[in-house]
Every structure is written in structure tokens, then in C-alpha cells.
Amino acid sequence: MATDPTEVQSDLKVSLWRGGAQGRYQDYAVPQRQNQTVLDVVTFVQRQLDPTLSYRFACRVGMCGSCAMTVNGRPRWTCRTHVSKVAEDGRLEIGPLENLPVIKDLTTDMSRFFERWRQAKGAFVPTTTRADPVAPIRPDSAIRIAADAAIECINCGVCYAACDTVRWNPDYLGPAALNRAWTLVNDARDGAGPERLQAVAARGGCHACHTHQSCQAHCPTALNPTASIAALKRRTVQAWLSGEIER
Ligand code: SF4
Ligand code: SF4
Ligand code: FES
């Protein structure tokens, strides 16, 4: 006989962070169901137990990156994390992402994260106009393959929350911004190459990375910011030696 996916199995013991930076964890009992995600649990609390709970989500399918939280000590997309994979003895502790200021409950202020993106010159700078023909870029060219390897970042902040260097070094641009910079360094259509290399070579840039690989280990889209940053280190040293950028 098929199992009813909505069948209540038992209550989960759920601790949710409430308040701002000086808040505390508060306990809730949430009915456990098959195929339940951590986002389902948070949504149940907000809709059934306490409508004042603040949290953020949009797509529910791993596309928008807005639902990231700390789940039993690890940053994750809550919409793509099944409770059955992460609950420990029927317990879940869900908090806001680390390394970002808490606005309220499970919601963090992402301004610093996106400011790092801007500092790393993470915006594409076109060299042609709409009136020009589309630039022919061979998909099998080495730089296009390098750009593609890092391009699927959705700005969820999971790697930023997992990075110890972000925690220790207030100047550090962080894995997502540097990964984005490496994508653009490899974009043959982009016109901000030297400025971007100068930006990521500065204090707090790629050379501050300690190669812990936490970013790679936690990225839900299996990107490898550590490899992008290592490549930026090599590329910026070449640029220094050739006089392309200043020391
Ligand atoms: S690199 Fe991965 S973990 Fe970091 S922001 Fe992008 S998608 Fe999220
Ligand atoms: S490899 Fe670099 S960016 Fe990634 S977690 Fe470690 S220090 Fe942070
Ligand atoms: S809600 Fe969009 S990635 Fe989770």
C-alpha cells in the first residue's frame, strides 16, 4: 500500500533563532512528514504557531538563493534540504546565516555581501553596443570553459557564511565575489579586465584567502570558489610582473 506523504509520523523538536543579534533560540514542536524540507518546517511555524517569525524565501526550488539559513550548524538552502537528511534524533536547530548581521529571527542583512560583489567589480562591462554584431565566442575555448565553470552562482551567501576568513578579516571580499570576478576575467566580451584585477589584488582580495575550501564544501551548486580564487592569485601575480596592474 502506498504511503501517504502527508502522514504525520511524530513531532520534530525545532529550535529557531528569535530576535536580533542578542536573541535566543526558542523551541517549537512541528509535525514531521515524509519528504518535508527545512523550509517547510520554518513555514509551518510561521503559518501555524507564530506569525511574527521572520524569514526569507522565494522560489522554493533552488533558484533564487534567498532561503539560506544555518541548519544544525551548517549553512544550507533550506528549500532543498530534506529534514530526513539533517535532523539529529528528531531535532533541528535553525538560525540565520553566519558572518552577516541579523535583522530579525532568520533574516540577515545581505548588504555587506553584495557590497563585496561591487568592490570586486562583479558587474559585466560591455565593450560593444546593442547595434554591434554578437561577439563569436567558441564554447570549447579555454577561457569560455573557465568562465562556465564558475558562472552558476545564485548569490545565496552560503559560502560567505562558511568562510573563516570572512569571519576573521573584515576587509575580505569573500568567496562569492571573487568567484564572480574570475568568471568575468574569463569573459572575452568584458572591458574591465585591469581594473578588476587591481580590485581583487588589493588588501582583502584573493591573496587573503587561506584555501580552507569550506566554500567549495558547502556550495549547494557544487561550484568551486577556492579554485577560482587560486586562479585569480596566479593571474594577479602575472599582471603585477607584466606591469598590467600596480603593486
Ligand atoms: S558560490 Fe555557491 S554558495 Fe557561494 S553564493 Fe554562489 S551559489 Fe551560493
Ligand atoms: S578557500 Fe578561501 S574563500 Fe573559500 S572558505 Fe577558505 S578562505 Fe574562504
Ligand atoms: S527559496 Fe529559492 S533557493 Fe530556496
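**Reading two ligand shells in a predicted chain**

Reader: What mix of residue classes does the shell around ligand 2 have?

Author: The classes go like this: Ala, Val, Leu, Ile, Met, Phe, Trp, Tyr, Cys and Pro count as nonpolar, Asp, Glu, Lys and Arg as charged, and the others, Gly among them, as polar. Around ligand 2 there are six nonpolar, seven polar and no charged residues. Bear in mind that this is a predicted model, where local features need pLDDT of at least 70 and side-chain atom pairs count only at pLDDT 80 or more. Residues are numbered from 1 along each chain as its sequence is written, and ligands are numbered from 1 in the order in which they are written.

Reader: Which residues are closest to ligand 2?

Author: A residue belongs to the shell if one of its heavy atoms lies within 4 Å of the ligand. Ligand 2 has 13 such residues, and the closest are Cys163, Thr165, Cys209, His212 and Cys215. Helix H9 (214-218) and helix H10 (225-242) are the elements that each give two or more residues; helices here are DSSP runs (H or I, at least four residues).

Reader: And which residues are around ligand 1?

Author: Among them are Cys153, Cys156, Cys159 and Cys219, along with Pro220 and Thr221. That shell has eight nonpolar, three polar and no charged residues.

Reader: How much of the protein chain is buried?

Author: Buried means under 20% relative accessible area, with a 1.4 Å probe and protein chains only. Here, buried residues make up 43% of the 247 residues.

Reader: What does the chain span along its principal axes?

Author: Its C-alpha trace spans about 65 × 45 × 30 Å.

Technical notes: Side-chain values use heavy atoms; hydrogens and water are left out. Buried means under 20% relative accessible area, exposed over 50%, partly exposed in between (1.4 Å probe, protein chains only).
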